[in-house]
Amino acid sequence: MTDWTSVIVGGHAMPIYLDRPAGGAPWPAIVLTYHREGIDEFTKWVARRYAEAGYLVAVPEIAHRISADVPVHDRKRHLKDAEIVADVGATLAYLKTHADVAHDRLAIAGHCMGGHVLFVAACALPDFACAVACYPTGMFEAWGEGKTPFDQLRRLKCPVIGFFGNEDRNPSPQDADKLDAELTRLKIEHVFHRYPGAGHGFQRPTKEAPAIRAAQADSWQKIFAFLAEKLAAHANAN
């Protein structure tokens, strides 16, 4: 079941797109951080995949401070990391008000520029039991003042699973190597999966090449296995 709600953040009403499973509450919850196209059909499709697997999904509209006159592809340059943390924090606070949410089983997931958002938020907020990063971009740039997501990784407290296409240019295989090495150096639990023949955005269901279909199927299987394991372990530890 899909729905919209809103919360007030810094004096602004921030819309949140919601997708819920059909039954079985209380549900584990996922904060989904979107790609550059915003809360579009792909983002809603991803939310549905998670909801069908038993997760309540909340997608905060982090561009809520930006005029609707700004084209969606240009909104990224107006985003600020400090405001992103506030937006994700407000989304978490909203989720924690609901009895239908298992408050000890919270995850964060994102695609493309949502990877930047994911890491900025997860480094600042200790609530997440795990993180799912699909071809995260913007890891080596700060939006507004402060450090890049890469330079904040020492603050990360949750395990990460990452997915990368070997034909991608942003993030490139070298970017993935650099991120992998830093997480290893910091002793942060993580596992990265890389797919030959896959470029950027390979999880889009409209991409149908054989290598892409194989990457799509394998990545979703691994995502759901990872979430089940890490959320259960976190709940048992608390």
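This is a short tour of one helix pair, one cavity and one pocket in a predicted model.

Residues are numbered from 1 along each chain as its sequence is written. Local features need pLDDT of at least 70 and side-chain atom pairs count only at pLDDT 80 or more, while totals for chains, interfaces and linings use all residues, and side-chain values leave out hydrogens and water.

**Stop 1: the helix pair.** Select helix 1 (residues 41-52) and helix 5 (residues 210-237), whose axes lie 12 Å apart at an angle of about 50 degrees. Helix 1 is therefore oblique to helix 5 (neither under 35, over 145, nor 65 to 115 degrees). Now show the side chains in contact (heavy atoms within 4.5 Å): Trp 45, Val 46, Arg 49 and Tyr 50 of helix 1 meet Trp 220, Ile 223, Phe 224 and Leu 227 of helix 5.

**Stop 2: the cavity.** Keep Val 46 selected and add Leu 32, Thr 33, Tyr 34, His 35, Phe 42, Thr 43 and His 111; together they line the largest cavity (a set of points on a 1 Å grid where a 1.4 Å probe fits but cannot get out, lined by residues with an atom within 4 Å of a point). The volume of this cavity is about 40 Å³. Helix 1 gives the largest share of its lining, three residues.

**Stop 3: the pocket.** Next, select Cys 112, Met 113, Thr 137, Asn 170 and His 200, which lie nearest the centre of the largest pocket among its 24 lining residues (a pocket is an open set with protein on both sides within 12 Å along at least five of seven lines). Its volume is about 320 Å³. Finish on helix 4 (residues 173-185), which gives the most to this lining, with three residues.

Note on methods. Axes fitted to C-alpha atoms, helices over the stretch in contact; angles between N-to-C directions. Helix = DSSP H or I, 4+ residues; strand = E, 2+ residues; numbered from the N terminus. Points joined across faces, edges and corners; volume = space filled by probe spheres on them.
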